[in-house]
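This report goes through one protein structure, from single residues to a sheet and its cores. Keep the sequence and the 3D view at hand while reading.

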Amino acid sequence: KVQPASFLTSSSFCFFLFFVFVLAVSLNIASMDLIVYPNQNYNIDHKDEEETYEKIEEKMAELKSKTQNGEMVESLYVVLLIEVFKQPHILLIQPHPKYSILPGGDLEEGESIEDGVRRYLRTTFSIEDEDVLESFNILDTMCNWYRPNYEQPTYPYVPPHCTKPKEHLSVVLLQMPQSCSFVVAKNCHIRAVPLIDVFDNKDSFGSLIASLPAIISKYNMVFAEE
């Protein structure tokens, strides 16, 4: 006698549970709150020192020297958002009038992302207070990009012709504190750029930064009153 097919076999039941788990995780990420505070909550001062910004040729030469033994360089970049006229703006560093970059740089050998964020906040924004440093929370790793060669282009995947990328770029989203002060080098210009101007604008900001507004849309953005 042929028995009726069971609705869930053991293997299909496991798959069903896995599907429910993935769906729950996806919904949790999609509903992650990102609190965005107004621009007037933050103060930017300048110190007498100047920051040295590498040209692309210099960066590629340094990258080549760091990967002589076949190792991949780990880099970290942070996304900081503020609100201006109820519109989200991303903070970018402008080392030259013609282009802007995400705050960040190379991780030191063996350095974690958490430690790298704290070191960067100290060295670039002169934030030394431990309570303020703790208030910059890493909400999520937004994306991972890779540099396959000693050239400027990076990709959100490892190209098929590349056996090992030269650089791995981790982009993390930081929850800004309610208020704080930044002290930066006198030649460090910080721009607050509307996401609407960044979206898909590869010519002005490059592929990585231009892709960020689409990724940010998965978070539940909440504009704080003050």
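Glu111 touches Gly116 and Arg119, leaving out residues up to four places away in sequence. The model is predicted. Glu111 sits in the loop between β7 and α3. Is Glu111 buried or exposed? Glu111 counts as buried, because its relative accessibility is 16% and the cut-off for buried is under 20%. Its side chain reaches the backbone nitrogen of Glu108 at 2.9 Å.

Met221 belongs to strand β12, residues 220-223. With a relative accessible area of 25%, Met221 is partly exposed. Which residues does Met221 contact, leaving aside its neighbours within four places in sequence? They are Leu34, Val36, Leu81, Pro88 and Ile216. One of these, Pro88, is 133 residues away from Met221 in sequence, yet the two C-alpha atoms are 8.7 Å apart in space.

The two residues can be set side by side.

| Residue | Place | Relative accessibility | State |
|---|---|---|---|
| Glu111 | loop between β7 and α3 | 16% | buried |
| Met221 | strand β12 (residues 220-223) | 25% | partly exposed |

Next comes the sheet. Strands of a sheet pair through backbone hydrogen bonds, either parallel or antiparallel. Here 4 strands, in the order β7-β3-β9-β8, make an open sheet with mixed pairing. β7 (104-106) and β8 (137-147) are the edge strands, and each pairs on one side only. From one strand to the next, the twist averages 20 degrees. Strands β3 (residues 73-79) and β9 (residues 167-175) run parallel and are joined by 7 bridges. Within this pair, Tyr77 of β3 stands opposite Val171 in β9. Helix α6 (residues 202-216) packs on the sheet and touches β3, β8 and β9. The direction of α6 makes about 140 degrees with that of β8.

The last topic is the nonpolar cores. In soluble globular proteins, nonpolar side chains tend to be buried together. How many residues does the largest nonpolar core have? It has 25 residues, and those with the most contacts inside it are Leu80, Phe125, Phe136, Met176 and Phe182. At least two residues of this core come from each of β3, β5 (87-96), α3 (113-125), β9 and β10 (180-185). Not counting residues up to four places away in sequence, Leu80 touches His89, Ile90, Leu91, Phe125, Phe136, Leu174 and Met176. A second, separate core has 24 residues, including Val36, Cys143, Trp145 and Tyr219. Val36 is also one of the residues in contact with Met221.

Terms used
Residues numbered from 1 in each chain as written. Predicted model: local features only at pLDDT ≥ 70, side-chain atom pairs only at ≥ 80, totals over all residues. Heavy atoms only, no water. Pairing = 2+ DSSP bridges. Axes fitted to C-alpha atoms, helices over the stretch in contact; angles between N-to-C directions. Contact = heavy atoms within 4.5 Å. Core = buried A, V, L, I, M, F, W, Y, C linked by side-chain atoms within 4.5 Å. Buried < 20%, exposed > 50% of the residue type's maximum accessible area, 1.4 Å probe, protein only. Polar contact = N/O pair within 3.5 Å; in protein donor to acceptor, adjacent residues only side chain to side chain.
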